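I opened the model to look up two things, a sheet with its covering helix and the setting of a single side chain. My notes follow in the order in which I looked.

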Amino acid sequence: MTKKNVVVPEAVAIAVPVPHGSTAIFPYPPPRSNGGGSTGSFGIGRKLLTQLELGGRINAWVESMKASSPTHAKAAAALTAVPSLESANSWIMKHPSALEVFDEITSQSKGKQIVMFLDYDGTLSPIVDDPDLAVMSDAMRAAVRNVARYFPTAIVSGRCRDKVYNFVRLAELYYAGSHGMDIKGPAKGPRYTKAKSKAVLFQPASEFLPMIDEIYKVLLEKTKPIPGARVENNKFCVSVHYRCVDEKRWSSLAEEVRSVLKEYPKLRLTQGRKVLEIRPTIKWDKGKALEFLLESLGFANCNNVLPVYIGDDRTDEDAFKVLRDRGQGFGILVSKLPKETNASYSLQEPSEVMDFLHRLVEWKRASPKARPKSVNIPTSNP
């Protein structure tokens, strides 16, 4: 049965009751559905995918898959071939190491409240072949816990919120799963917020849940003949991992995904690091999630806030771009290779992210009035 005539109601925010005495759910306007994928700073890869969704060549999709694969030999060549990129030395001058220019970064925070946003895979944990084994180290968990004692901290991931919470296991954080389509505030303190902050549960793509579940089951069956293919249900999006698929089978995998996606015009395709992701066509991404969380914290129209977003993936560029356009805060790209980015600074790998978090805590502890405050907030399960 074809799904071409399925019409999904416009996404709405979910409001749930809040315990007596706490602040009401933040009434954020729901996003509107559009007819296609978003555009971003990685226009080349996304343009290929858009053409494919409209019936373009399967080879274009496969080449885009190769270009988005950091370990692929052609990926490095593709990166250096982009005309807007310069040599590695020039790139690092434009995006210096956040560790090397740490004093410059902290000087920007004078009189401002730092708010931390952290991607998970490739940022807090290494990229691994089996996505279920992307375990966060105890040392990294301790570093994030310490950061959250001094700064409001959010994990923003493409993963299902419950999955990323089970990896991180820190109840004092904000969690934005499914690329920001499933957001929930801390289950317990301490936290820093302004008086206008709101208790948060926001799921702008809730109307798409039945469709996501359906396409997940279809893709599970369609990809079974392809060794190494993994299909992951991230609640508000479906991820098709091809990290363990022989490159000779990528075109077969791409064809299967495309044939399924054609039947769901209300869903769109995006790419990450060796993963194809199917998402609702609403105007919502990690950048929108960042803005929503800042508003929830009471920092929507404030000059005394410094958002810092650390991420490694193409999807994190939406958040980097928001910060650049706001002229407030900055992004830090985690990558060993030069690549086109809206981030201001760089780190090479998760171990450097942990070093940066340690230095941030040490700097804050040495600052006047550095003692963290606790705020009583209602408790709940993430």
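Before counting anything I fixed the term: two strands pair if DSSP finds at least two bridges between them. The model is predicted.

Entry on the sheet. I looked first at S6 and strand S7 (residues 238-241), and found that they run antiparallel and are joined by four bridges. Going to one residue of this pairing, I noted that Arg230 has His241 in S7 as its bridge partner. I then followed the sheet across and read the strand order as S6-S7-S9-S8, an open sheet of four strands with antiparallel pairing. Its edges are strand S6 (230-233) and strand S8 (267-272), each of which pairs on one side only. I also looked up the turn between neighbouring strands of this sheet, which is 20 degrees on average with direction ignored.

Entry on the helix. Which helix lies across S6, S7, S8 and strand S9 (275-280)? I found helix H8 (residues 209-223) there, running at about 165 degrees to S6.

Entry on Val353. I located Val353 in helix H12 (residues 350-366) and asked whether Val353 is buried or exposed. Its relative accessibility is 0%, and because buried means under 20%, Val353 counts as buried. Leaving out residues up to four places away in sequence, I listed Thr123, Leu124, Ile310, Val334 and Leu347 as the residues that Val353 touches. I also looked up Leu99, which is 254 residues from Val353 along the chain, and found their C-alpha atoms separated by 9.0 Å.

How values were computed
Residues are numbered from 1 along each chain as its sequence is written. This is a predicted model: local features need pLDDT of at least 70, side-chain atom pairs count only at pLDDT 80 or more; totals for chains, interfaces and linings use all residues. Side-chain values use heavy atoms; hydrogens and water are left out. Helices (H or I, at least four residues) and strands (E, at least two) are DSSP runs, numbered from the N terminus. Axes are lines fitted to C-alpha atoms, for helices over the stretch in contact, and angles run from 0 to 180 degrees between N-to-C directions. Contact means heavy atoms within 4.5 Å. Buried means under 20% relative accessible area, exposed over 50%, partly exposed in between (1.4 Å probe, protein chains only).
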